[in-house]
Amino acid sequence: MKLHEQIAQKIISWFTLSNILPLGVVLIAFWWAWSTVDVIQRNFTYQQQVNQLQQQVAVLSLENKSEQYMIDYYKTNEYDQLQARTYLNLAAPGEKELILSSAPSGSQYAPFVATVQPTSGSTTTQAKSNFQQWVYFLFSKHGA
């Protein structure tokens, strides 16, 4: 017999049922394990996507609630009054306007002069000194 025939005989002798069966079982077990790992990895990726979408839904829900609160605020009387005060220069009854004017141009660090004027226009008050305003603020019934 020649060498290549001997090698062929040995190879053929290995292909018996007792040798092929364990090899098949090992291959099937490897394939099953690989498939299982692949499914677990895909499920993990899908779960990450679900979690990300749930977070986006939660953020959008909070933004929606915030917008609804703003809409409700825009419907209130307080918002209307604030807008009237800001853009139409309206005031509530008895409210006074505080006007701050700068000191003469020669003194850079001079304090501001405060003048209180009623917004109704019916009564004018005399400008008080800073000290008089502090005394009034600290010791009057209305100042505190």
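Visitor: What counts as a helix here?

Guide: A helix is a DSSP run of H or I with at least four residues, numbered from the N terminus. In this predicted model, valine 135 lies in helix 4, residues 130–139.

Visitor: Why is valine 135 called partly exposed?

Guide: Buried means under 20% relative accessible area and exposed means over 50%. Valine 135 has 33%, so it is partly exposed. Valine 135 also belongs to a nonpolar surface patch with Phe131, Trp134, Phe137, Leu138 and Phe139, and together they have about 720 Å² of accessible area.

Visitor: How do you know that the span of helix 3 agrees with what it should be?

Guide: Helix 3 covers residues 77–88, and at 1.5 Å a residue its 12 residues should span 16 Å. Its end C-alpha atoms are 15 Å apart, which agrees. After helix 3 comes asparagine 89, with a positive phi near 55°.

Visitor: How many aromatic pairs are there in the whole structure?

Guide: A search finds five. In one of them, the ring centres of tyrosine 73 and tyrosine 74 are 6.0 Å apart. Their planes meet at 45°, so the pair is tilted.

Visitor: And what makes the pair of tyrosine 73 and tyrosine 79 edge-to-face?

Guide: Planes over 60 degrees apart count as edge-to-face. These two rings have planes at 70° and centres 5.3 Å apart, so the name fits. Tyr73, Tyr74 and Tyr79 form one aromatic cluster.

Visitor: How do you know that lysine 128 lies over the face of tyrosine 136?

Guide: The distance limit is within 6 Å of the ring centre, and the charge must also be within 35 degrees of the ring normal. Lysine 128 is at 4.6 Å from the ring centre and lies over the face of tyrosine 136.

Notes
Residues numbered from 1 in each chain as written. Predicted model: local features only at pLDDT ≥ 70, side-chain atom pairs only at ≥ 80, totals over all residues. Heavy atoms only, no water. Helix = DSSP H or I, 4+ residues; strand = E, 2+ residues; numbered from the N terminus. Expected span 1.5 Å × (residues − 1). Patch = residues over 30% accessible without salt bridge, like charges linked within 9 Å, V, L, I, M, F, W, Y side chains within 5 Å. Areas by Shrake-Rupley, 256 points an atom, 1.4 Å probe, with all protein chains shown as cover. Salt bridge = Lys/Arg side-chain N within 4 Å of Asp/Glu carboxyl O. Buried < 20%, exposed > 50% of the residue type's maximum accessible area, 1.4 Å probe, protein only. Phe/Tyr/Trp six-rings, centres within 6.5 Å; stacked < 30°, edge-to-face > 60°.
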